[in-house]
Amino acid sequence: MTTVYQISDCHLSNESSYENLRKALEHVANDPTCKTIFLTGDICCNPKPGDYIRLESFIRQHINTKSIYAIAGNHDDSCLMRTELKSSTIFVTDKAIINGREFVFLDSSAKPLDSRHPLGSGRINNRGIALLKQQLRKANDPVVVIHHPIIPVGSEWMKAIRLENDTEVMKVLRKYRVRDVICGHGHDGITATQQGITQYMAPSTAYGFDHSINEYNRSEKVGLSRIRCSTNSIDYQAVYF
């Protein structure tokens with residue numbers, strides 16, 4: 001069984017956010033069973049040119065031998081991320097096969113078309129939907145990796161900053177019998193199952209969200225997720241530090 005660590009919602013912008021990322025990388029480096037890392041969006045906060053280059057350099061100061069895959073979140077600049085990480089040791093791609101299991105990566109960083117959706121919401125654009133269908137047609141029991149949750153979870157304010165076309169995406173996943181989704185965005189480890197699909201949400205390394213109340217409230221509960229995958233199962237655990 002292969003171990004993958006998911007590091008999400010780093011919101012890299014200051015010394016504290018980088019220090020928390022360092023702690024997460026240190027945890028990963030101490031697990032000899034881990035060969036792969038997923039960075040699942042909101043990696044940088046209001047990124048400017050050079051930020052993703054700095055990200056790669058920082059990660060490689062602490063980890064040298066892991067395969068790393070990255071997707072964008074609503075705080076990222078997807079185009080800048082793809083440009084700066086092109087030909088780097090961090091892969092921004094549409095799919096990967098890890099230990100015989102197929103992972104399909106979705107970019108949900110597009111802004112909603114409907115202005116009623118608040119800041120922080122996301123969308124899979126038409127190209128992304130078409131590519132998703134193409135990938136799933138060829139896949140065998142794939143795992144979908146995305147920043148925004150497809151199943152709205154958490155407090156009411158969190159459910160509001162959702163994936164605009166989550167219903168459409170859910171229909172696609174059900175059509176192609178997807179069973180597992182890995183996401184970030186919610187800054188806490190929350191697992192939910194709906195219509196035969198189980199969604200695993202990761203904590204944030206930057207700061208937590210308190211979902212016990214229906215108002216925006218940060219917490220000090222930070223961490224990452226450990227994912228142990230086989231060809232037919234997932235063992236998912238949020239790890240806090």
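The following questions and answers go through salt bridges, one helix and a few single residues of a predicted model.

Biologist: How many salt bridges does a search of the whole structure find?

Modeller: A salt bridge here needs a side-chain nitrogen of Lys or Arg within 4 Å of a carboxyl oxygen of Asp or Glu. Searching the whole structure with that rule gives a total of eleven.

Biologist: Which parts of the chain does the salt bridge between Asp141 and Arg101 tie together?

Modeller: The closest N and O atoms of Asp141 and Arg101 are 3.3 Å apart. Asp141 sits in a loop and Arg101 in a strand, so the pair ties together parts that are 40 residues apart in sequence. The parts are the loop between α4 (126-138) and β7 (143-146), and strand β6 (residues 101-106).

Biologist: Are Asp141 and Arg101 buried or exposed?

Modeller: Buried means a relative accessible area under 20%. Asp141 meets that description, and Arg101 does too: both are buried.

Biologist: Which residues are linked with Arg101 and Asp141 in a network of salt bridges?

Modeller: Arg101 and Asp141 form a salt bridge. The network that holds this pair has further members, namely Arg179 and Asp180.

Biologist: What is the relative accessible area of Asp166, which forms a salt bridge with Arg162?

Modeller: The closest N and O atoms of Asp166 and Arg162 are 2.8 Å apart. Arg162 is partly exposed, with a relative accessible area of 30%. Asp166 is buried, and its relative accessible area is 5%.

Biologist: How many residues apart in sequence are the parts that Lys221 and Asp188 tie together?

Modeller: Lys221 and Asp188 form a salt bridge, with closest N and O atoms 3.8 Å apart. Lys221 lies in the loop between β12 (218-219) and β13 (223-229), while Asp188 lies in the loop between β8 (180-183) and β9 (190-194), so the distance in sequence is 33 residues.

Biologist: Is Asp188 buried or exposed?

Modeller: Its partner Lys221 is partly exposed, at a relative accessible area of 41%. Asp188 has 11% relative accessibility, and the limit for burial is 20%. Asp188 therefore counts as buried.

Biologist: Arg60 is buried yet has no salt bridge; which side chain of opposite charge is nearest?

Modeller: Arg60 lies in helix α2 (residues 51-62). A salt bridge needs the two atoms within 4 Å. The nearest side chain of opposite charge is 5.2 Å away, and it belongs to Glu56.

Biologist: Which side chain does a polar contact of 2.9 Å join to that of Arg60?

Modeller: Arg60 touches Thr65, Lys66, Ile68 and Thr89, leaving aside residues up to four places away in sequence. A polar atom of its side chain also lies 3.4 Å from the backbone oxygen of Asn64. The side chain joined to Arg60 by the 2.9 Å polar contact is that of Thr89.

Biologist: Why are the buried residues of α6 on the same side of the helix?

Modeller: In helix α6 (residues 166-175), the buried residues are Asp166, Val169, Met170, Val172 and Leu173. An α-helix has 3.6 residues a turn, so residues three or four places apart point the same way. The buried residues of α6 share a side because the arc they cover around the axis is only 160°.

Biologist: Which residues are exposed on the other side of α6?

Modeller: The buried residues of α6 pack against α4, β7, β8, β9 and β10 (197-201). The exposed residues on the other side are Thr167, Lys171 and Lys175.

Biologist: How far apart in space are Leu173 and Val144, C-alpha to C-alpha?

Modeller: Leu173 lies in helix α6 and is buried, with a relative accessible area of 0%. Leu173 touches several residues, including Leu132, Leu136, Val144 and Ile197. Leu173 and Val144 are 29 residues apart in sequence, but their C-alpha atoms are separated by 8.7 Å.

Biologist: With which side chain does the side chain of Ser109 make a polar contact?

Modeller: Ser109 is in the loop between β6 and α4 and counts as buried at 13% relative accessibility. Leaving aside residues up to four places away in sequence, Ser109 touches Ala72, Gly73, Ser78 and Arg123. Its side-chain polar contact, at 2.5 Å, is with Asp107.

How values were computed
Residues are numbered from 1 along each chain as its sequence is written. This is a predicted model: local features need pLDDT of at least 70, side-chain atom pairs count only at pLDDT 80 or more; totals for chains, interfaces and linings use all residues. Side-chain values use heavy atoms; hydrogens and water are left out. Helices (H or I, at least four residues) and strands (E, at least two) are DSSP runs, numbered from the N terminus. Buried means under 20% relative accessible area, exposed over 50%, partly exposed in between (1.4 Å probe, protein chains only). Lys and Arg count as positive and Asp and Glu as negative; His and the chain ends are not counted. A polar contact is a pair of N or O atoms within 3.5 Å; within protein, one must be able to donate a hydrogen and the other to accept it, and residues adjacent in sequence count only if both atoms are side-chain atoms. Contact means heavy atoms within 4.5 Å. The arc is that of the directions from the helix axis to the C-beta atoms.
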